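Subject: Handover of a structure and the findings from it

Dear colleague,

Please find below the structure that I am handing over to you. The findings follow it, arranged by topic, so that you may read them with the structure open.

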Protein chains: 2
Amino acid sequence: MTRVLLADDHQLLRQALRRAFEDSGVMVVGEAADGEEATRLVDELRPDIVVMDVTMPVLDGVEATRRIHSAWPDLPIVMLTMHGEAELRAEAVRAGAAAFLTKDSSMQEVVATVLATAAGEALSPDLASTILAEFAETGTTLPPRPAESPLTKREEEILQHIADGYSTSEVAAKLFISGKTVKNHLASIYDKLDARDRTQAVLSAVRIGIIRIA
Amino acid sequence: MTRVLLADDHQLLRQALRRAFEDSGVMVVGEAADGEEATRLVDELRPDIVVMDVTMPVLDGVEATRRIHSAWPDLPIVMLTMHGEAELRAEAVRAGAAAFLTKDSSMQEVVATVLATAAGEALSPDLASTILAEFAETGTTLPPRPAESPLTKREEEILQHIADGYSTSEVAAKLFISGKTVKNHLASIYDKLDARDRTQAVLSAVRIGIIRIA
DNA sequence: GGAGCGATAGGTCGTACGGCCTACTGCCGG
DNA sequence: CCGGCAGTAGGCCGTACGACCTATCGCTCC
């Protein structure tokens with residue numbers, strides 16, 4: 001019998017999934033309320049498959065997937081998410097997720113996907129299309145971070161420092177370059193991000209997720 | 001028999017709740033995937049009670065609750081939320097929610113709360129404590145917005161415009177005040193948010209959630 | 001080998017920005 | 001009734017900022 005581990009911080013959903021699985025002859029061997037607990041229970045219970053929510057306290061689903069996948073490369077992990085953000089999908093794929101479902105799915109879909117994945121279907125059709133799209137886009141194997149950022153590494157570095165609260169001259173000092181060069185990079189950043197000042201540039205970068213907000 | 005309307009954008013959770021209710025002899029007369037649909041179905045189906053998620057597309061649960069409550073003041077509405085944020089609870093109470101549950105609750109708790117609420121228990125113990133705490137805190141009736149923001153309304157307004165991409169003089173023009181006054185407000189904002197320029201002020205405000213990031 | 005780009009650096013210019021100050025009005029609370 | 005705060009407005013000053021320009025170096029791609 002298929003042995004599944006559920007990881008979701010909402011008890012309500014865990015109960016719902018447990019019932020759906022048990023009705024379909026799938027055994028739920030454990031439940032985790034956060035990513036840390038999930039990684040621990042995987043080691044302890046050795047499930048055949050893991051169903052994991054993306055957003056969880058302590059350790060989020062993507063990071064937990066990354067850790068579990070590196071320890072148990074053959075263990076399929078099905079991810080659940082609130083909404084089907086493309087960015088998140090790509091991230092989940094990189095972390096090692098075998099399938100990807102939104103919570104808009106029905107119980108039947110979830111169970112079917114889990115059974116199919118456990119049975120060896122490498123990738124859900126849904127996930128396959130995401131991957132194919134990514135391959136087509138980058139033309140290579142999955143890099144650690146494709147970063148569809150329009151900025152160069154240096155530009156991102158400079159903008160990050162600006163977001164961290166440093167002035168032009170302070171950024172220059174930190175990077176051992178001229179303040180003039182920092183301003184040049186900023187001008188290029190404004191151009192690329194369609195921003196007219198550092199405030200808008202930082203907000204744009206935050207929006208598209210290329211810089212970290214302290 | 002108690003007739004309940006479910007409003008949640010996640011089919012998975014709706015199915016789970018429907019089952020739990022039906023097993024307990026509660027009739028689910030309808031399901032809504034967003035707040036707008038919920039308000040419409042209430043008019044159409046006249047349920048005895050509504051169970052509604054806070055976060056939903058089109059029209060969020062709080063706003064939907066507000067509308068339903070103003071149209072049907074006697075219809076009890078039980079709100080579900082991901083996490084038990086105090087701010088959200090207060091907001092939900094003001095909107096007219098009769099009870100408040102997090103998704104960390106078990107199915108049994110949800111069903112029990114819904115039955116108790118439908119049976120006439122005005123407020124769940126949980127909710128009552130929230131309300132009492134709020135009264136103790138403010139000492140008055142519920143104000144429209146407690147807003148633990150260090151900024152005044154005007155300052156928030158100005159900072160929001162800055163975040164929206166407007167310059168000092170543009171903000172002044174939009175608000176029909178002098179550019180000098182805008183700068184005065186900004187100086188006050190920098191002081192309160194411990195920021196040294198508009199970029200840091202906007203980021204601080206985003207962090208503490210007092211301005212909306214476009 | 002040249003074209004192109006990223007990173008570096010510089011110049012100039014106008015202005016927006018931010019610090020620090022005074023001042024008046026209206027309102028609320030003691 | 002007066003003190004304090006929010007909102008309004010102004011002056012002054014130094015400088016950081018952003019626009020626009022040229023220029024060099026090294027790398028890669030064709």
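Which oxygen of DNA strand C is 2.7 Å from an N or O atom in the side chain of Arg198(B)? It is a phosphate oxygen of the strand. Please keep in mind throughout that this is a predicted model.

**DNA strand C**

DNA strand C is surrounded by 15 residues, and the closest are Thr152(A), Arg154(A), Ser178(A), Tyr190(B) and Arg198(B). Of the strand's atoms that come within 4 Å of the protein, 55% are accounted for by sugar and phosphate. The bases are approached as well. In Asn184(A), a polar side-chain atom lies 2.9 Å from a base nitrogen of DNA strand C. For Lys180(A), a polar side-chain atom is found 3.4 Å from a base oxygen of that strand.

Helix H9 of chain A and helix H9 of chain B each supply at least two residues of the surface near DNA strand C. By class, this surface has two nonpolar, seven polar and six charged residues.

**DNA strand D**

Around DNA strand D there are 15 residues, of which the closest are Tyr190(A), Arg198(A), Thr152(B), Ser178(B) and Lys180(B). Sugar or phosphate holds 55% of the atoms of DNA strand D within 4 Å of the protein, and the rest belong to bases.

Three side chains of chain B may be examined in turn. Thr152(B) places a polar side-chain atom 2.6 Å from a phosphate oxygen of DNA strand D. His185(B) has a side-chain N or O atom 2.9 Å from a phosphate oxygen of the strand. Asn184(B), by contrast, has a side-chain N or O atom 2.8 Å from a base nitrogen. The elements that give two or more residues to the surface near DNA strand D are helix H9 (179–193) of chain A and helix H9 (179–193) of chain B. Which of the elements gives the most to this surface? H9(B) does, with four residues. The surface near DNA strand D comprises two nonpolar, seven polar and six charged residues.

**Helix H1 of the two chains**

Two packed helices are described by the angle between their axes and the distance between the axes. Helix H1 (residues 11–23) of chain A and helix H1 (residues 11–23) of chain B have axes that come within 9 Å and cross at roughly 80°. H1(A) and H1(B) are therefore roughly perpendicular to each other. On the side of H1(A), the contact is made by Leu12(A), Leu13(A), Ala16(A), Leu17(A), Arg19(A) and Asp23(A); on the side of H1(B), by Leu12(B), Leu13(B), Ala16(B), Leu17(B), Arg19(B) and Asp23(B). The residues of this contact divide into eight nonpolar, no polar and four charged.

**Helix H10 of chain B**

How many of the 10 residues of helix H10 (residues 198–207) of chain B are buried? Eight of them are, and the helix is mostly covered. Among the buried residues are Ala201(B), Val202(B), Leu203(B) and Val206(B). The buried residues of H10(B) pack against helix H7 (153–163) and helix H10 (198–207) of chain A, and against helix H7 (153–163) and H9 of chain B.

The N-terminal end of H10(B) is capped by Asp197(B), whose side-chain oxygen lies 3.1 Å from the backbone nitrogen of Thr199(B). H10(B) is followed by Gly209(B), which has a positive phi near 75°.

**A buried histidine**

His161(A) is located in helix H7 of chain A. Is this residue buried or exposed? His161(A) is buried, because its relative accessible area is 17%, and the cut-off for a buried residue is under 20%. Apart from neighbours within four places in sequence, His161(A) is in contact with Tyr166(A), Val171(A), Lys174(A) and Leu175(A).

**Two loop residues with positive phi**

Most residues other than glycine have a negative phi. Phe176(B), a residue other than glycine, has a positive phi near 55°. Phe176(B) is placed in the loop between helix H8 (168–175) and H9 of chain B, and is exposed, with a relative accessible area of 78%.

Asp194(B) is not a glycine either, yet its phi is positive, at about 60°. Asp194(B) lies in the loop between H9 and H10 of chain B. With a relative accessible area of 72%, Asp194(B) is exposed.

Yours sincerely,

A colleague

Terms used: Residues numbered from 1 in each chain as written. Chains lettered and ligands numbered in written order. Predicted model: local features only at pLDDT ≥ 70, side-chain atom pairs only at ≥ 80, totals over all residues. Heavy atoms only, no water. Near = heavy atom within 4 Å. Polar contact = N/O pair within 3.5 Å; in protein donor to acceptor, adjacent residues only side chain to side chain. Nonpolar A, V, L, I, M, F, W, Y, C, P; charged D, E, K, R; others polar. Axes fitted to C-alpha atoms, helices over the stretch in contact; angles between N-to-C directions. Parallel < 35°, antiparallel > 145°, perpendicular 65-115°, else oblique. Contact = heavy atoms within 4.5 Å. Buried < 20%, exposed > 50% of the residue type's maximum accessible area, 1.4 Å probe, protein only.
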